[in-house]
Amino acid sequence: MSDSAKDRDILDRRDFMTGSIAAAGAAAIVIGEAATATAQQTSGKEEARAGTIYTGETVQERKVVSRLDVADLEPGKKHQLYFQGVQAPGGQCWYVSVVVAKGARPGKRFTLTSGVHGDEMSSIRTVQAVMEQLDPKQMSGTVMAVLDIARPALESMQRRWPNSGRGIGLIDMNREWPGNENGASATSRHAGLLFNRLLKPNSDLAIDFHTGATGLEIAAFIIGDRSIPDVKTMTDLYPVGQMWDDAAYPGVLHNAFVDAGIPCFTPEVGAARILNGGMIDLFVEGTTNVLKHYGVIGGAIGRTAADAGMKIGNGAAPIIATHGGLVEYLAKLDEEVKAGQKIAVQRNMFGETVAEYVAAQNGTMAAYRTDSMSDQGTYWRSL
């Protein structure tokens, strides 16, 4: 994949991809660029010292906090809270669901996030399933789940946050991190509140769960920078078949964590808008392995990347549609392909073949569009 900013803008990870290839090869790491904080924002250490702030409200019998310090919570219990996020146009705040499993003994503080995109249901269910398995009385350390970060997007099950600050528009929240509490959009302010007052002060390690976008089918894979020792350790504990060894894009949540000194990566749990039970189980097993490795919970490590024969790629091979028409795929997800192999054919409305598409390099199919119609210029992004 090209290192140029122009190419990074064109090759967005989840926008209308039609084919994807994972390949080991020359390193091409994109370093995430975090937004500059304003003078009004406080440091992580200052936030941690500030302690928990309860607003005095309860929502569905759960207390609301505007700042959380997990050290204030009772050990050996699970705690359900709402975090008070940014205000909606009508003046009410958006509340984010938070579950904290506080171990009976000290240890690592893990944060599991989901719902940064509103159409990613399997990512939410994966985090829920991990939390269901935890018994705080038998744990060391803390596991905090933040389940529905982009609530306005989730309410309509769409990828982007509907914003009205500069006229109606849709904002991809996973290009806004670490946010800005005094930012120009509600999305940026919401990200700033969560990152400064909830995520950063309570995390030693983090995992940000996602899925593919609506209209995209993907294999089980992971995105992260394996040059970070803890990221390599954690991702090697997942029994999935593919990994993109790269920091990915500026503004994504896992890069904001990394820039704050908190190792983090992104699992991709299948397609959007559905619950993919098989993939959920894989990522629950991997996350449980991580918690076992770091001593948060006990038990034997299950299947890992070695068992799954994980292929590690750090390049992208884009395939751009040269015509409009119906696309038929000739290679399946996780199928190994060779450079020059035909992987798709495109036909016009008369059924005539107008284009054939081939793999640009050796690799493994990781994603394709589920929409059978393709505009001219629609790209396929490859791993």
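Strand 19 and strand 20 form a hairpin in which five residues lie between the two strands, and G351 in the turn has a positive phi of about 85°. In this predicted model, the two strands of the hairpin run antiparallel and are joined by five bridges, and A344 has Y357 of strand 20 as its bridge partner. Strand 19 (residues 342-347) also pairs with strand 17 (residues 325-329), in the antiparallel sense and over four bridges. Within that pairing, E328 stands opposite V345, while the bridge partner of Y329 in strand 19 is A344. These pairings belong to an open sheet of four strands, arranged in the order 20-19-17-23 with antiparallel pairing. Strand 20 (353-358) and strand 23 (373-374) stand at the edges of this sheet, and because each has a single partner strand, one side of each is left without a neighbour in the sheet.

The overall composition of the model gives the setting for these elements. The protein has nine helices and 24 strands, and buried residues make up 57% of its 383 residues. Among contacts between residues at least 6 apart in sequence, 71% join residues at least 24 apart. The average pLDDT of the protein is 86, and 85% of the residues score at least 70. Over residues 1-48, by contrast, the pLDDT is below 50, although this stretch has 149 contacts in the model beyond near neighbours in sequence. Where pLDDT is low, the predicted coordinates should not be read in detail.

The largest nonpolar core has 41 residues, and those with the most contacts inside it are F110, M131, V143 and Y238. Two or more residues are given to this core by each of strand 5 (93-102), strand 6 (105-113), helix 3, strand 7 (140-146), strand 10 (205-208), helix 6 (229-235) and helix 8 (277-293). A second, separate core of 32 residues includes L81, V98, A191 and L199. Not counting residues up to four places away in sequence, M131 touches K78, V99, A101, L112, V143 and A145.

V99 recurs in the surroundings of two further residues. Q128 lies in helix 3 (residues 121-132), and its C-alpha atom is separated by 9.1 Å from that of V99, a residue 29 positions away along the chain. Q128 counts as partly exposed because its relative accessibility is 31%. H79, placed in strand 4 (residues 77-87), counts as buried because its relative accessibility is 13%. Once neighbours within four places in sequence are left aside, H79 is in contact with L73, E74, V98, V99, V100 and K102. A polar atom of the H79 side chain lies 2.9 Å from the backbone oxygen of E74.

Strand 14 (residues 264-268) is largely enclosed by the rest of the structure, because five of its five residues are buried. Both faces of strand 14 are covered, with C264, T266 and E268 buried on one side and F265 and P267 buried on the other. Strand 14 pairs with strand 10 in the parallel sense over two bridges, and in this pairing F265 is the bridge partner of I207. With strand 12 (residues 221-224), strand 14 pairs in the antiparallel sense over three bridges, and F221 stands opposite E268. Strand 14 thus takes part in a parallel pairing with strand 10 and in an antiparallel pairing with strand 12.

Among the helices, helix 5 (residues 186-199) is mostly covered, with 12 of its 14 residues buried. The buried residues of helix 5 include A186, H190, F195 and N196, and also A191 and L199, which are among the residues of the second core.

Two cysteines may be considered together with respect to burial. C93 counts as buried because its relative accessibility is 18%, and C264 is likewise buried, with a relative accessible area of 1%. The structure holds zero disulfides.

Definitions and conventions
Residues numbered from 1 in each chain as written. Predicted model: local features only at pLDDT ≥ 70, side-chain atom pairs only at ≥ 80, totals over all residues. Heavy atoms only, no water. Buried < 20%, exposed > 50% of the residue type's maximum accessible area, 1.4 Å probe, protein only. pLDDT = per-residue confidence, 0-100. Contact = heavy atoms within 4.5 Å. Polar contact = N/O pair within 3.5 Å; in protein donor to acceptor, adjacent residues only side chain to side chain. Disulfide = S-S within 2.5 Å. Pairing = 2+ DSSP bridges. Core = buried A, V, L, I, M, F, W, Y, C linked by side-chain atoms within 4.5 Å.
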